[in-house]
Amino acid sequence: MSRGDRLSEVRERLQEACSRAGRETSAVRLIAVSKTRPASEVDRIAAHGIADFGENRVQEAESKLPAVSAAKLNWHLIGHLQKNKAKKALSLFQWIHSVDSESIAARLDRLAEEASLSPRVLVQVDLAGEDTKSGIPEERVASLVESIRSMKQLRFEGLMLLPPFNDDAEQTRPFFRRLAQLRERLHRSGLMAADSQLSMGMSHDFEVAIEEGATMVRVGTAIFGSRA
Ligand SMILES: *Cc1c(COP(=O)(O)O)cnc(C)c1O
């Protein structure tokens, strides 16, 4: 199957999930995750009208992005951000989905001020208590959000989730639902807008994420084919 066909199929799945959930297709942003894929493939997908691309490593993005010809793309950092990569990340990405500590947020804010940038950030939440993954535990999210909102340069946009992997998307549904409930609680506390971003759902489970309220889905293999 060609990449264009895969993309059409993803768009169809996205539309069907939206209509099942009674949501507008425009309420869900499709982020094409181009990690391990060359710049030429980004250009090919961009030519089909995709404007949002995700990468999980700053170093890979650093060599790839300058080689992309398509203009006006939004780049999303969806992987863990190391302190020593924060400055470089700001120069490459307009969106950072993986903010998970006060210290990384404060550092981004200071560097963004020096560079006159206003990056959009999401707080990555760890709902499963997985040691191996990044993300802040649920009980500490409110205080991190409060502190980000008080910062000068960072624009707080919402929450991001990378749940434990399960082939069966129904097993992941409770995690998606909990992230949506967390947004609702933070909204009632006055910490976030009711419609702020929920970045959740990947190739094999994005329909379920959409049914549970995802506003951004991060899709790699279903668009580009399986990674080596
Ligand atoms: C790779 C990656 C994705 C996309 O995964 P696919 O299964 O290829 O769709 C989504 N989110 C994060 C954080 C990733 O690292």
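Start by selecting the shell around the ligand and colouring it by residue class: five residues are nonpolar, three are polar and three are charged. Keep in mind as you go that this is a predicted model.

To build that selection, pick Val33, Lys35, Ile78, Leu162, Met202 and Ser203, then add Arg218, Val219, Gly220, Thr221 and Arg227; together these residues surround the ligand.

Next, turn on distances for the polar contacts. Which residue offers its side chain to a nitrogen atom of the ligand? Select Arg218: an N or O atom of its side chain is 2.9 Å from that ligand nitrogen. Move on to Gly220, where a polar backbone atom sits 2.8 Å from an oxygen atom of the ligand. Then click on Thr221, which also uses its backbone, with an N or O atom 2.8 Å from a ligand oxygen. Now show the surface of the ligand: taken alone, the ligand exposes 380 Å², and the protein buries 92% of that area.

Hide the ligand for a moment and look at the space it leaves behind. That space is the largest pocket.

Finally, zoom out and switch to a cartoon view of the whole protein. You can count nine helices and nine strands. The radius of gyration is 17 Å, close to the 17 Å that the globule rule gives for 228 residues, so the protein is as compact as a globular protein of that length. If you draw the principal axes, the C-alpha trace spans about 45 × 40 × 30 Å along them.

Notes. Residues numbered from 1 in each chain as written. Predicted model: local features only at pLDDT ≥ 70, side-chain atom pairs only at ≥ 80, totals over all residues. Heavy atoms only, no water. Near = heavy atom within 4 Å. Polar contact = N/O pair within 3.5 Å; in protein donor to acceptor, adjacent residues only side chain to side chain. Areas by Shrake-Rupley, 256 points an atom, 1.4 Å probe, with all protein chains shown as cover. 1 Å grid on protein atoms, 1.4 Å probe; cavity = no way out; pocket = protein on both sides within 12 Å on 5 of 7 lines; lining within 4 Å. Sits in = over half its atoms within 2 Å of the grid points. Nonpolar A, V, L, I, M, F, W, Y, C, P; charged D, E, K, R; others polar. Helix = DSSP H or I, 4+ residues; strand = E, 2+ residues; numbered from the N terminus. Rg over C-alpha atoms; globule rule 2.2 N^0.38 Å.
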